[in-house]
Every structure is written in C-alpha cells, then in structure tokens.
Amino acid sequence: MNYIRALLLAAGLGAVNNCVVEAQSYSIYSFTTIAGGGNSHPGSADGTNTAALFNGPNGIAIDARGNLYIGDTNNNTIRMLTPVGTNWVSSTLAGLAGAPGSADGTNSAARFDLPCGVALDSSSNIYVADTAYATIRKVTPVETNWVVSTIAGTAAERGRADGTNDSTLFEFPVAITVDANTNVYIADMFGQAIRRIVPIGTNWVGRSPHYSIRNLDPEGVAVDGAGNVYWADFWRIFLMTPAGTNWPINALCGQEGNLGSTDGTNSDALFNQPHGIVVDGSGNLFIADTFNDTIRKVSRAGTNWVVTTIGGLPGKRGGADGINNAARFDHPYGLAMDSAGNLYVADSWNNTIRQGIPLAAASLLPVFQSVTQSNGLVTLIWSATPGLSYQVQYSTDLTQTNWSTLGVPMLATNSALTAIDGIGADPQRFYRVALLP
C-alpha cells in the first residue's frame, strides 16, 4: 500500500505532523474600492464611499491621521477623503470643478489646471504639481480653510531654469514628493528632469539635482527617509543617492526601449510607462505600472532588485475588487501608503480610489480537504482563495531537500482546487501545496 502524507507549505509555520514545513515570503494584497463611482460615472460630487465622484484622479498622498489627499485632475480640484468608521467621506478643499485657471486664493476661489501630483509635509501642507500651467502650488490649512499659493513657476510660461519663486520654470511637472526637510522634488516630464525646490526663509529656490536627463521622461518620483530619490520613466525605475553636491543615478530595474510586463530581477523585469512610486519603511518600492494596469513591488535582495506583480493582470483592464491578480485596474497613476502598510491607488481611468490591504499568509493558508487513492491515482483537494495561485509538490524522501512539482501552478477561481497524481510504482509519496507569491 502506498503511504501518503499531505503537508502544508506556508509562511511562519514550524512542523506539521512532525514534518518540517518551509517558509516563503508573500506579497498578498486585497484590493477594494473605497470611493468613486467607476469609469461610467465620472463627476465631481462629494459624498460617502461610491457616492463621491471623481474625474481622472491622479496624485494621492496620506497624512498621519489617515486622511487621503487627491489631485482630481480633470476636475481641476484638490479633494480629501476622511475615514469615518468603515466609511470614507469626500470633501473638496480647493479649486472649482469645470473652472480651470491659475488664480491663488482660498478654497473654491483658487484655480488649478490639470493638477496631477500631490504630496504632504509634516504640517499637512499640500504641494501640487499643477501640470497644465507648469507651476508648483502650496495648499495651506488655515483653521477650517485651505489657502492656495504659487511657490514656484510662472503660469503658462515654460522653461528649464532654476531660480527663486516664479523665476524657476518648468516644462510639464507631473509628480511631486517632499522629504523630511521640506525639500520638494518634482518629476518634470517634458523637461526631462528631476527638479528640486528648497525653502529658504519665505522663498523657494530651485536647486535641481538632475536636469536634462537624456532620453528620459520622468513620470513618478518618491523619496525615502534617508533622502534617496526614486523615480520612474517610460521603461525603468531609478535611484538617485545624494553624494555631497552630486546625485549619481543608478537604474534598478527595467530596460530602456523595451516595454513589457515581465516580473524578474533587475533588467529582466519589464514595465510599461509606470507613474506612481511609494517607498515603505523596509526600502521596498511599490509602483503603479500604469499602462500594464498593474501594481508592482520592487524588493531589494542584496545588490539586486526583484520585481513582482501584486495587483491586477497585464492587458486586462477593469474595476473588479479582489486579491492580487484577481483585482483589475484601469490606468492606475498615483500611490500612497499608510503606516500599517496599506496601499492607496488613484485608479485614474476608473475614476476611483482603491485600497490594498496586505494579508498575512497564515490567513490564506491552503487546508487539505481530502487526499484519496484509487486505482493508482491520488486525488488531492484543498481550500483555496480566489485570485491566488498554488503549486503542488511531492517528495519520496523527507530526508532530502529537493521537492518535485506536480503539474503547473494553478490559479484559484473558487474556494477549492483539485490535483490528481498518477503515483506509479513509488512505495510512498509526500505532498505539499505552495501558496505562490
């Protein structure tokens, strides 16, 4: 009689039935829509959850209290989503939907024209890349009001000059981030530059770390706690590390001139016009891979950078909520992350704001429901989570470290999966199911 034992492969477990279980690292996220009416309902209405309407939201940032700030690009407004219990309540802070312009002012008296990137400093001031007018705006909370001022650039005057306040000129600023010292970094897409403006007294002085970067069109930018700047162009993800007054550039992953959706290490990974970038406390990057309609994770492994897809499926647009590649996006642009590691996505063409909650692998572990043998065939049935992938493996000797795969990875579409193995003449065979990253 053949001897069969089912093993569970999961993260963080010790032994199961006296058999050692290996650990793996997972990137499992459950994505849900928290605001916006979907791609068939663009609008500018404030309200709760899906009653709030957006029109092409692009930039997104989060404060320490969990409030989200959104550049509602096609509405020419700056919006806020406030968590109230399990709900999200929208309010418009500045600008007026349907009324583009460049005027500074308070609340709806201010005007924007295609505000894209947004970022926050430690005092909850909002910095906006006001793209169409090529300016950088600051939105300051004053009691219950929000006062908008232009801190760099001159409306509708384009250029690549560093200077002070309105003498600093931009071509097409699309993304923005702020470091711990309130230095503001801007991805100036058509200017082919990463720009920086520095507060000196009441002025803002342009001191660009890298400008006129040949053949590059930066579309997203982020900064970590050490002052390292990450940015994305059409194909690649870059790192700039301050070294005195210099900013050497290193390409981390992706290939120049080669668009794609392949996961992998360093230049083996491919992107398709990524935009939003956010960095977590462990140095992992999260990327809105906009034209792949996916969310990617870039993890450091020694001197290498490993890219995995944690949300969406390349070439499959949509607005479905779900886990990892069961979720669907439509041109996600901006990303933000809170202190708990929850991701927030400005899903631009869906006109929605999405939340990605990291799930502990232990909560999703497959459990064998039955393992039966008949006529030389073993049938294994285990619990599964729709949207996640699993791999059955087997071994005939638990003293060996190598396991063989049974078939190909299986994507769950319901709550159970089944695999069948023809065991042949093996006197015994041990099985385990791997929950794949």
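Two strands count as paired if DSSP finds at least two bridges between them. On that basis, E18, E19, E20 and E21 form an open sheet of 4 strands, in that order, with antiparallel pairing. The model is a predicted one. This briefing covers that sheet, a second open sheet made of E14, E15, E16 and E17, and two pockets, the largest with about 1,200 Å³ of space.

**Sheet E18-E19-E20-E21**

- The edges of this sheet are E18 and strand E21 (249-254), each of which pairs on one side only.
- On average, neighbouring strands here are turned by 20° against each other, with direction ignored.
- E18 and strand E19 (residues 229-232) run antiparallel and are joined by 4 bridges.
- Val223 has Val229 in E19 as its bridge partner.

**Sheet E14-E15-E16-E17**

- This open sheet has 4 strands in the order E14-E15-E16-E17, and its pairing is antiparallel.
- Strand E14 (173-178) and strand E17 (203-206) each have a single partner strand, so one side of each is left without a neighbour in the sheet.
- The average turn between neighbouring strands of this sheet is 25°, direction ignored.
- Strand E15 (residues 184-188) pairs with strand E16 (residues 193-200) in the antiparallel sense, over 5 bridges.
- Asp188 has Ala193 in E16 as its bridge partner.

**Largest pocket**

- The largest pocket holds about 1,200 Å³ of space.
- Its lining consists of 49 residues, and those nearest the centre are Ile62, Leu120, Thr177, Val278 and Met337.
- Two or more lining residues come from each of strand E5 (57-62), strand E10 (115-120), E14, strand E18 (220-223), strand E23 (277-279) and strand E28 (332-337).
- Two of these contributors are also sheet edges: E14 in one sheet and E18 in the other.
- The lining divides by class into 25 nonpolar, 16 polar and 8 charged residues.

**Second largest pocket**

- The second largest pocket holds about 290 Å³ of space.
- It is lined by 18 residues, of which Asn58, Cys116, Val174, His275 and Tyr333 are the closest to its centre.
- By class, this lining has 9 nonpolar, 8 polar and 1 charged residues.

Notes
Residues are numbered from 1 along each chain as its sequence is written. This is a predicted model: local features need pLDDT of at least 70, side-chain atom pairs count only at pLDDT 80 or more; totals for chains, interfaces and linings use all residues. Side-chain values use heavy atoms; hydrogens and water are left out. Axes are lines fitted to C-alpha atoms, for helices over the stretch in contact, and angles run from 0 to 180 degrees between N-to-C directions. On a 1 Å grid over the protein atoms alone, a cavity is a set of points where a 1.4 Å probe fits but cannot get out, and a pocket is an open set with protein on both sides within 12 Å along at least five of seven lines; lining residues have an atom within 4 Å of a point. Grid points are joined across faces, edges and corners, and a volume is the space filled by probe spheres set on the points. Ala, Val, Leu, Ile, Met, Phe, Trp, Tyr, Cys and Pro count as nonpolar, Asp, Glu, Lys and Arg as charged, and the others, Gly among them, as polar.
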